[in-house]
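Here are some short exercises to work through with the model open beside you. Try each task on your own before reading the solution.

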Amino acid sequence: MAHLLELRRLRKSYGPGTEALCGVDLAVDRGEFLVILGPSGAGKSTLMRCINRLVVPSAGDVVFQGQPLEDDGHSLRAARRHIGMIFQSFNLVKRLSVLTNVLAGRIGYKSTLSVLCYYFTREERGLAMDCLARVDLAHKAHQRADRLSGGEQQRVGIARALAQEPQLILADEPVASLDPKIARNVLGYLKRINREEGITVLCNLHQVDYAREFGDRVVGLSRGHIVFDGRACDLTSSVLAEIYHGGPATAEEV
Amino acid sequence: MADRLPLRKSEIAGQGSVAGLPVEEVSKAGAWARSLAIALFALVVLGWSAEGVDLRPGEFLAGIPSILRYISHMFPPNFAYGRDLARPAIETIQIAIWGTLLAVLTSLPLGILAAINVTPHAAFYHTARLVLNTCRGVSELVFALIFVAAVGLGPFPGVLALAVHNTGMLGKFYAEAIEAVDPGPIEALQAAGANLLQTIALAIVPQVLPNFVAFNLYRFEVSIRSATVLGLVGAGGIGFHLISSIRLFQYQDTSMILVVVLLLVWVTDIASSWLRQRII
Ligand SMILES: Nc1ncnc2c1ncn2[C@@H]1O[C@H](COP(=O)(O)OP(=O)(O)O)[C@@H](O)[C@H]1O
Ligand SMILES: [Mg+2]
């Protein structure tokens, strides 16, 4: 069976001498929970943003569900609605209710006019409530988003991604601004969604503990290169040294 | 430029000393020299401007008695005249209402185009900025003169003049408010497949709405004040009566008009602060 997502020789440079991705090849299958592990500045966010084209790659291909992603508005919108994204800073619209924030996940399916009127159908509201229930926040649906704690806000972020009925969820350091207990709780929700609903999850992390605990497969990223691709239990200290201090010889020489 | 500055500072701090002096002393001496230069420059500008405007404090002091005489002629205000002022006072409010409302409608699209984070193209951005700066830079009285010549005397040219000037003020404010929004939610909605208008509606409008309402109310208050003088150039409102009473030396009528103007401003300030509290 074809992969859900394939990156082929993906490169991104933000300008001369700032090579954030140096030719990344990666294939992700349906149902995987894949952790991308690397220190700050390794290129994890860039990799994720190249997938949904919040960042336009300098070279290479992103193939999603067998289709190469293109920049033309129509097909990009069609691809994006199937790819949920979760952010380190949650990125909720603070002044809107929790429920409206989750409904915003439907935006890629809706007409411009209906969004301008804040019009959501009964089915959409039902789906949004269901997504909130899956992160145990149905009782907070009508509160303003900024009234919630950090962990709860991130669970709303997960519910918003779920409302997209996504094939793939991209989580960019989803727990970096949460303390460890809350962080494990939030990662637990992501893991459960992956297990029980079979939604593929790509999760950027910089802490090894979480990667070991939640990742099935771990990809180590260092200075824009993939330096490890294997099972979480194979993250030996020499592998970690390479991810965190080394990088391949070519990068050393520069 | 702006992002180079901290870099330079840290370089200096890293070296520990410049020309044999400890860093602390160098930057202190530099700061002193800069303050001195700024103070000198300010003095020169002040002196130059005083020269330009013929500043004569002596003659002002000598003129105080005649100013007091003028004011004493104004008392008591001609309260009976108040009845004739009701209609122009109401007209003044009406001019301000439409002069603000029309501006809200025109400045919304212009403000969006002039916000660097949402404008669809640099050409729109620069054009919108140019239009807004022109509207803002020219006084409503100048626009009133132009519109009186174009559509004739009366309150309507006053409305148009206020609308054009307010467009510049509101549009620039809208653009700046939009540029200051948290980009996180915008990115989140774009990642979910939102187009530009959807992003504006769901991520930007909720963030800027309270500021917009507050600023619209503020511009309405300012418009009331402006509308009281539009009559000076024949563009409607109570200003027409003001200028005629001054020309005819009807001091007590003039003071009655000023009383009405103050009342107008006072009442709008109260009304709009009441509204502000309700809405925001
Ligand atoms: N918008 C940008 N402009 C310029 N350089 C950037 C930008 N975003 C990221 N970079 C650079 O690209 C590299 C990778 O960054 P990033 O993808 O954010 O890494 P990570 O998410 O692993 O911390 C870093 O060296 C960073 O400074
Ligand atoms: Mg990052």
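**Exercise 1. A buried arginine**

Task: Decide whether Arg49(A) is buried or exposed, and find the side chain that shares a polar contact with Arg49(A).

Solution. Keep in mind that this is a predicted model.
Step 1: The relative accessible area of Arg49(A) is 16%. Buried means under 20%, so Arg49(A) is buried.
Step 2: Place the residue in its element: Arg49(A) sits in helix 1 of chain A.
Step 3: Look across to chain B, where the side chain of Glu187(B) makes a polar contact of 2.8 Å with that of Arg49(A).

**Exercise 2. The surroundings of ligand 1**

Task: Work out which helix gives the most residues to the shell around ligand 1, and which side chains have polar atoms close to the ligand, with their distances.

Solution.
Step 1: List the shell. Residues around ligand 1 include Tyr14(A), Ala20(A), Pro39(A), Lys44(A), Ser45(A) and Thr46(A).
Step 2: Sort the shell by class, which gives 4 nonpolar, 5 polar and 1 charged residues.
Step 3: Assign the elements. Helix 1 (residues 44-51) of chain A gives the most, with 3 residues.
Step 4: Check the distances. A polar side-chain atom of Thr46(A) is 2.5 Å from an oxygen atom of ligand 1. For Lys44(A), a side-chain N or O atom lies 2.9 Å from a ligand oxygen. For Tyr14(A), the partner is a nitrogen atom of ligand 1, at 3.5 Å.
Step 5: Finish with the cover. On its own, ligand 1 has 560 Å² of accessible area, and the protein covers 55% of this.

**Exercise 3. Stacked rings in chain B**

Task: Classify the ring pair of Phe173(B) and Phe215(B), then do likewise for Tyr174(B) and Phe212(B).

Solution.
Step 1: Start with Phe173(B) and Phe215(B), whose centres are 3.9 Å apart, with 10° between the planes. Planes under 30 degrees apart count as stacked, and this pair is stacked.
Step 2: Locate the partners. Phe173(B) is in helix 7 (residues 155-179) and Phe215(B) in helix 9 (residues 196-230) of chain B, so the pair ties together parts 42 residues apart in sequence.
Step 3: Compare the accessibility values. Phe173(B) is partly exposed at 23%, whereas Phe215(B) is buried at 16%.
Step 4: Turn to Tyr174(B) and Phe212(B), which are also stacked, at 4.0 Å centre to centre and 20° between the planes. This pair links helix 7 and helix 9 of chain B across 38 residues.
Step 5: Both partners are buried: Tyr174(B) has 1% relative accessibility and Phe212(B) has 10%.
Step 6: Look for a cluster. Ring pairs join Phe173(B), Phe215(B) and Tyr218(B) into one.

**Exercise 4. Backbone details**

Task: Find where the cis peptide bond between Phe75(B) and Pro76(B) lies, and place Arg9(A) and Tyr118(A), which have positive phi values.

Solution.
Step 1: For the bond between Phe75(B) and Pro76(B), omega is about -10°. Pro76(B) belongs to the loop between helix 3 (57-73) and helix 4 (82-113) of chain B.
Step 2: Arg9(A) has phi near 45° and lies in strand 1 (residues 5-13) of chain A. With 48% relative accessibility, Arg9(A) is partly exposed.
Step 3: Tyr118(A) has phi near 50° and is in the loop between helix 4 (112-116) and helix 5 (122-134) of chain A. Tyr118(A) is partly exposed, at 30%.

How values were computed. Residues numbered from 1 in each chain as written. Chains lettered and ligands numbered in written order. Predicted model: local features only at pLDDT ≥ 70, side-chain atom pairs only at ≥ 80, totals over all residues. Heavy atoms only, no water. Phe/Tyr/Trp six-rings, centres within 6.5 Å; stacked < 30°, edge-to-face > 60°. Helix = DSSP H or I, 4+ residues; strand = E, 2+ residues; numbered from the N terminus. Buried < 20%, exposed > 50% of the residue type's maximum accessible area, 1.4 Å probe, protein only. Near = heavy atom within 4 Å. Polar contact = N/O pair within 3.5 Å; in protein donor to acceptor, adjacent residues only side chain to side chain. Areas by Shrake-Rupley, 256 points an atom, 1.4 Å probe, with all protein chains shown as cover. Nonpolar A, V, L, I, M, F, W, Y, C, P; charged D, E, K, R; others polar.
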